[in-house]
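Q: Please take a close look at the salt bridges of this structure. I would like one connected account that then sets them against the rest of the chain.

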Amino acid sequence: MSSEEFEKLHEMYRSLYDELKMISDRVTRSQGEEKKKLVRVFDERHGEAQELLQELEQELLSAPPSFRTSMSSKVRLYHRDLGKLQRHMHTSDPGLSLSSRTGDGGYSIYATQNERSTEQQAQRALLIQGSDSLNNATQSIARSHRIAVETEHIGTDIIEELGQQREQLDRTRDRLVHTGENLSRSRKIIRSMSRKVMTNKLLLGIIIVMEVAILGAVVYLKFFRH
């Protein structure tokens, strides 16, 4: 979409709409043939305004979704205002409307076609807005699905990591169990060695006492017996 082209069409429509409002104001102050002429000019300009709105809608089809949504609502309001201005134009003077329908068949058909075209354009704008909303919802669902898939992958990775950590903890627990068993055996060995040391000390003490006794007996027999 060319933003310059869109802005150009938008400015042309605003200028044409202002002209239509001015013609509508002049009609309320005019009479007779002048009023009928102004009504014909109004319908011609009204048709041109509808064509501009159609071109605006065509430009919006290739616009980015965010811009298209806001501008589609604005174009729909333009259709509504244009239809309201046309109804105001043809109901401001019932006599003129009746005479125009009976005295100028071509004009009556043209006005009816304009009204139908206005309704069709309004419906088209609603369809475009609905399509944009559907596209936005589809994109939102796609993003949610992508986030869910990413979350699932992250959850799977976390579960695998927790499994690995559990295996490491199991191995650490097994090593601690083996270490505890080794410590128990070491304590038993140390207690056994302690008992042996005490036994050896006791035997050594007995041997020393016996040697002292023997030595005393030898000294006694050698020096005091004679």
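A: Aspartate 170 and arginine 173 join their side chains in a salt bridge, with an N to O distance of 3.9 Å; the term stands for a side-chain nitrogen of Lys or Arg within 4 Å of a carboxyl oxygen of Asp or Glu. Both residues belong to helix α5 (residues 105-224), where a spacing of three residues separates them by about one helical turn. Helices here are DSSP runs of H or I with at least four residues, strands are runs of E with at least two, and both are numbered from the N terminus. Aspartate 170 is partly exposed at 29% relative accessibility, the classes being buried under 20% relative accessible area, exposed over 50% and partly exposed in between, with a 1.4 Å probe and protein chains only.

All of this rests on a predicted model, in which local features need pLDDT of at least 70, side-chain atom pairs count only at pLDDT 80 or more, and totals for chains, interfaces and linings use all residues. Residues are numbered from 1 along each chain as its sequence is written, and side-chain values use heavy atoms, with hydrogens and water left out.

The structure has four salt bridges. Another of them is formed by glutamate 48 and arginine 45, whose side chains meet at 3.7 Å, N to O. These two residues lie three apart in helix α2, which again places about one helical turn between them. Glutamate 48 is partly exposed, with a relative accessible area of 34%, and arginine 45 is likewise partly exposed, at 22%. The pair is also part of a wider arrangement, since Glu19, Arg45 and Glu48 are linked in a network of salt bridges. A further bridge joins arginine 80 to aspartate 81, with the closest N and O atoms 3.8 Å apart; arginine 80 is partly exposed at 47% relative accessibility, and aspartate 81 is partly exposed at 24%.

What surrounds these pairs? The chain has five helices and zero strands, and buried residues make up 24% of its 226 residues. The largest nonpolar core holds 23 residues, of which Tyr13, Leu53 and Leu82 touch the most other members. Such a core is a set of buried Ala, Val, Leu, Ile, Met, Phe, Trp, Tyr and Cys residues joined through side-chain atoms within 4.5 Å. The elements giving it two or more residues are α1 (3-28), α2 (32-60) and α3 (65-91). Leucine 82 is in contact, meaning heavy atoms within 4.5 Å, with Tyr13, Tyr17, Leu20, His46, Ala49, Gln50 and Leu53, leaving aside residues up to four places away in sequence.

Polar residues can be buried here as well. Serine 24, in helix α1, is buried at 2% relative accessibility; with residues up to four places away in sequence left out, serine 24 touches Leu85, His88 and Met89. Its C-alpha atom is separated by 8.2 Å from that of leucine 38, 14 residues apart along the chain. Lysine 35, in helix α2, is also buried, with a relative accessible area of 8%, and its C-alpha atom is 9.7 Å from that of isoleucine 23, which is 12 residues apart from it in sequence.

Towards the other end of α5, an unreviewed UniProt entry lists residues 202-223 as "transmembrane region", and such annotations, given in the numbering used here with feature names shortened, may be inferred rather than shown by experiment. In the model this span is 100% helix and 0% strand, with its end C-alpha atoms 31 Å apart.

Some caution is needed with confidence. The chain has a mean pLDDT of 78, and 81% of its residues reach 70 or more, pLDDT being the predictor's confidence in each residue from 0 to 100. Over residues 95-111, however, pLDDT stays under 50, and the model has 21 contacts beyond four places in sequence for this segment. Where pLDDT is low, the predicted coordinates should not be read in detail.
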